[in-house]
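Okay, thanks for having me, everyone. Let me put the model up and walk you through one part of it.

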Amino acid sequence: MALSLLVVSISFYLKEYISPDSDLYATLSLVSVAGVVVMVIAFSLGLGAMPWIIMSEILPINIKGLAGSFATLVNWFFSWLVTLTANLLLDWSLGGTFTIYTAVCVFTAGFVAIWVPETKGKTLEEIQQFFR
């Protein structure tokens with residue numbers, strides 16, 4: 001996701017210095033669209049499923065309903081926040097908006113790598129022991 005968003009932001013920065021009549025400008029437009037499409041695919045295959053996987057893997061059974069509801073609320077709140085601010089950010093700067101999104105993706109990848117435990121091959125009891 002971060003790499004595709006970085007490609008989109010670079011293409012928007014480059015478009016500011018190129019004449020709209022040139023062939024390179026049209027190519028950069030296609031690169032921008034392709035980058036966004038790749039980002040959506042990467043999100044759907046990776047980070048988009050993360051909250052649902054974490055809820056099913058990590059939450060203990062006795063709080064799964066309440067904690068799952070809260071996690072879903074937080075997930076949809078941040079989706080709403082991104083949707084709300086996207087047009088404001090795009091009006092400010094096209095390249096800057098996608099640079100911010102790139103930075104958020106890099107931060108998220110680091111956060112997941114450091115703080116989200118690996119659950120492959122572990123029982124629920126072993127996972128819960130990790131959090132104690």
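So, how many residues does H5 have, and what does H5 reach from its first C-alpha to its last? H5 has 22 residues and reaches 32 Å, close to the 32 Å expected at 1.5 Å a residue. That expected span is 1.5 Å times one less than the number of residues. Helices here are DSSP runs of H or I, at least four residues, and they're numbered from the N terminus.

Quick housekeeping. This is a predicted model, so local features need pLDDT of at least 70 and side-chain atom pairs count only at pLDDT 80 or more, while totals for chains, interfaces and linings use all residues. Residues are numbered from 1 along each chain as its sequence is written, and side-chain values use heavy atoms, with hydrogens and water left out.

Back to H5. At its start, a side-chain oxygen of Ser93 comes to within 2.9 Å of the backbone nitrogen of Gly96. Further on, the buried residues of H5 include Phe98, Tyr101 and Cys105; buried means under 20% relative accessible area, with a 1.4 Å probe and protein chains only. The buried residues of H5 pack against H1, helix H2 (23-45) and helix H4 (64-92).

Now the core. The largest nonpolar one has eight residues: Leu5, Val8, Phe12, Met39, Ala86, Phe98, Tyr101 and Cys105. Helix H1 (2-15) and helix H5 (94-115) each supply at least two of them. By nonpolar core I mean buried Ala, Val, Leu, Ile, Met, Phe, Trp, Tyr and Cys residues joined through side-chain atoms within 4.5 Å.

Let's zoom in on Phe98. Leaving aside neighbours within four places in sequence, Phe98 is in contact (heavy atoms within 4.5 Å) with Leu5, Val8, Ser9, Phe12, Val36 and Leu90.

Which way do Phe12 and Phe98 pair, then? Ring centres within 6.5 Å make a pair, and planes under 30 degrees apart count as stacked, over 60 as edge-to-face and the rest as tilted. Here the centres are 5.6 Å apart and the planes sit at 20°, so Phe12 and Phe98 are stacked. Phe12 is in helix H1 and Phe98 in helix H5, 86 residues apart, so to speak distant parts of the chain linked by this pair. Add Tyr101 to those two and you've got one aromatic cluster.

Last one: Ser9, in helix H1. Ser9 is buried too, with a relative accessible area of 2%. Not counting residues up to four places away in sequence, Ser9 touches Gly95, Phe98 and Thr99.

Conventions:
Buried means under 20% relative accessible area, exposed over 50%, partly exposed in between (1.4 Å probe, protein chains only). Helices (H or I, at least four residues) and strands (E, at least two) are DSSP runs, numbered from the N terminus. Rings of Phe, Tyr and Trp (its six-membered ring) pair if their centres lie within 6.5 Å; planes under 30 degrees apart count as stacked, over 60 as edge-to-face and the rest as tilted. A polar contact is a pair of N or O atoms within 3.5 Å; within protein, one must be able to donate a hydrogen and the other to accept it, and residues adjacent in sequence count only if both atoms are side-chain atoms.
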